[in-house]
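Got your viewer open? Load the model and we'll walk through it one selection at a time.

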Amino acid sequence: MAGYHSRFVPLLLLAAGSLWAQAGRQPGLAGEVLLPQRATETESSRSNWLVTGVRISNDFDDNALSDDRNKQAEMISSIELHAGWLVSRPRFNWMTDYRFGVSRHQQPSANTSQSHLLDTDLQLRLARRLTVHLRNSFLESTNPLDRLNGNGPTSSTNVFDQPNNSLLVTGVRRNSEQAALDLTYTPGRHSLTGIGGSFFMVNYSAPAGTRPISQALASTNSVSGHAFYSQHLAPRYWAGIEYTAQKFQAQSGQAQLLVHNALFTQTISTTPERVLSVFAGPELSTTSPNFSSVGRPGRMLSWSWAGGVIYSWKGQRTSMVANASRRTSDGGGVLGTVRLTGVSIDLKQQLTHRWSALLGASYGHNQLLTGPPGTISTYSAATGLAFRLNRSTTFDVRYWRGHIPAGNTAANTLGDHNRYSVALAYDFQSPLGR
């Protein structure tokens, strides 16, 4: 599709599901500016595809209730159906995907669980120099292992507009929605500018019969707006600035947080397969207590910095994405608003024509900004092998390890986990005409 797109895209691959989701597709890069396609290629782009499939898996978790003192293992058998529609025309690209999963639990207290995921992405060229990009994702799930399998919203929203995925709370019902809209204008061949806004909402609740942790769960919503400008300064170098204002509101918290940041962005592409993106700048946080709070101080201002770096490399058989970032975010259902620092690396190696290997590791540190002091640090590592039986069928095995170090002041709903998964997936693509 013609036009530019300079918004930051998902950066924090700190949850187990993200490690596997990234292995299946090449992610965008923070600060990266996508160059316009040639007119001949754009005008001839017409396709219409139906994508369907099914995934059957058996998953084992050695600490299903996230209670390190009283570990309880859980075996979950799942089946997931999905159907998607991909449409490409000279002036727009549209993708929509719906997934429905049913899981059978070994524990009598939670015999079955369901999950629904609806993801849509529309890019529309309104005029030669004007492009609009709309994304929306909705997830409802009671399966604690959904995120291990990579299920979750995947829209390419700004990293600062994404919910906190560094904390994996199990045994709860999770409802989330993300929406984003960007309007990009190209004033010249070597520059672009734009504005946009986004929204996300994450709600957590404890299903009946599970560990009573609902008092600790913090549902959060966020609304943000942004403006950006980017300039092509050299054949392989882009630089720009971006301003973002974002408001966080935790339902269980006693304060609202308004965050302003101004970031300098730059992207260096030494080759089409090697791209380095860097973004950094000052950040101002304003904390305002709710009217219902008693004995709370008035409005408080705090200066900090936000930023990150992403390096992407894709070879003939090997691909890698390594990144680090620091930003303000929600508390992932466990804390209020936090300052999140994260580092992650993901590798994919094509061993043979049929065999491929996956490897990922991540670290996240959450420091509470509102409410009582609290911190949570998390470590995770994942590995796996995939074998392609034929063009449409894949068999894979996975292992994921999550660790919460001792001394975390707010980790009462989290715990260490060892998880194993064996799955068989079938995906079918069928053209629906030109």
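One term before we start: a nonpolar core is a set of buried Ala, Val, Leu, Ile, Met, Phe, Trp, Tyr and Cys residues joined through side-chain atoms within 4.5 Å. Keep in mind, too, that what you're looking at is a predicted model.

**Stop 1: the core**

Select Leu167, Val334, Leu335, Val338, Leu340, Leu368, Ile376, Ile404 and Leu414: these nine residues form the largest nonpolar core. Which strand gives the most to this core? Color strand E14, residues 335-350, and you have it: E14 supplies three residues. As a bit of background, nonpolar side chains tend to be buried together in soluble globular proteins.

Now zoom in on Val338. Leaving aside residues up to four places away in sequence, Val338 touches Asn164, Arg327, Thr328, Ser329, Asp330, Gly331, Asn366, Gln367, Leu368 and Leu369. Another core lies apart from the one you've just selected; it has six residues, among them Phe200, Val202, Phe248 and Leu257.

**Stop 2: the whole chain**

Zoom out and switch to a cartoon view. How many helices and strands does the chain have? You should find two helices and 18 strands. The chain has 434 residues, and 52% of them are buried. Turn on a surface if you like: the accessible surface comes to about 19800 Å², with 60% of it belonging to carbon and sulfur atoms.

For a feel of how the chain folds back on itself, take the contacts with a separation of 6 or more: 62% of them are between residues 24 or more positions apart.

**Stop 3: strand E18 and its two partners**

Select residues 417-431, which is strand E18, and add residues 47-61, which is strand E1. These two strands pair in the antiparallel sense over 13 bridges. To see one matched position, label Arg55 and look across to Ala425 in E18, which stands opposite.

Next, add strand E17, residues 393-403. E17 also pairs with E18 in the antiparallel sense, over ten bridges. Here the position to label is Val397, which stands opposite Val422 in E18. While you have the strands on screen, remember that side chains in a regular strand alternate between the two faces of the sheet.

**Stop 4: a buried charged pair**

Stay on E18 and pick Arg419, which is found in this strand. Is Arg419 buried or exposed? Its relative accessibility is 1%, so Arg419 counts as buried. Show the side chains around Arg419 and you'll find two partners to look at. One of them is His417, whose side chain makes a polar contact with the side chain of Arg419 at 3.3 Å. The other is Asp61: Arg419 forms a salt bridge with Asp61, and their closest N and O atoms are 2.7 Å apart. Because Arg419 lies in strand E18 and Asp61 in strand E1, the pair ties together parts that are 358 residues apart in sequence. Both Arg419 and Asp61 are buried.

In general, side chains of opposite charge can pair when their charged atoms come close. The structure holds six salt bridges, so keep the side chains switched on for the next stop.

**Stop 5: a small charged network**

Select Arg99 and Glu80. Their side chains meet in a salt bridge, at 3.1 Å from N to O. This pair links distant parts of the chain, with Arg99 in strand E3 (residues 92-105) and Glu80 in strand E2 (residues 74-89), 19 residues apart.

Add Asp97 to the selection, and there's a second salt bridge to Arg99, at 3.0 Å from N to O. Salt bridges that share partners join Glu80, Asp97 and Arg99 into one network.

How covered are these three? Arg99 is partly exposed, with a relative accessible area of 24%. Glu80 is buried at 11%, and Asp97 is buried at 14%.

**Stop 6: two glycines**

Pick Gly333, found in the loop between strand E13 (318-331) and E14. Gly333 is buried, with a relative accessible area of 1%. Draw a C-alpha to C-alpha distance from Gly333 to Ser219: the two are 114 residues apart in sequence and 5.9 Å apart in space.

Finish with Gly384 in strand E16, residues 375-388. Gly384 counts as buried, at 10% relative accessibility. Its C-alpha is 6.1 Å from that of Tyr399, and the two residues are 15 apart in sequence.

Definitions and conventions. Residues numbered from 1 in each chain as written. Predicted model: local features only at pLDDT ≥ 70, side-chain atom pairs only at ≥ 80, totals over all residues. Heavy atoms only, no water. Helix = DSSP H or I, 4+ residues; strand = E, 2+ residues; numbered from the N terminus. Buried < 20%, exposed > 50% of the residue type's maximum accessible area, 1.4 Å probe, protein only. Contact = heavy atoms within 4.5 Å. Areas by Shrake-Rupley, 256 points an atom, 1.4 Å probe, with all protein chains shown as cover. Pairing = 2+ DSSP bridges. Polar contact = N/O pair within 3.5 Å; in protein donor to acceptor, adjacent residues only side chain to side chain. Salt bridge = Lys/Arg side-chain N within 4 Å of Asp/Glu carboxyl O.
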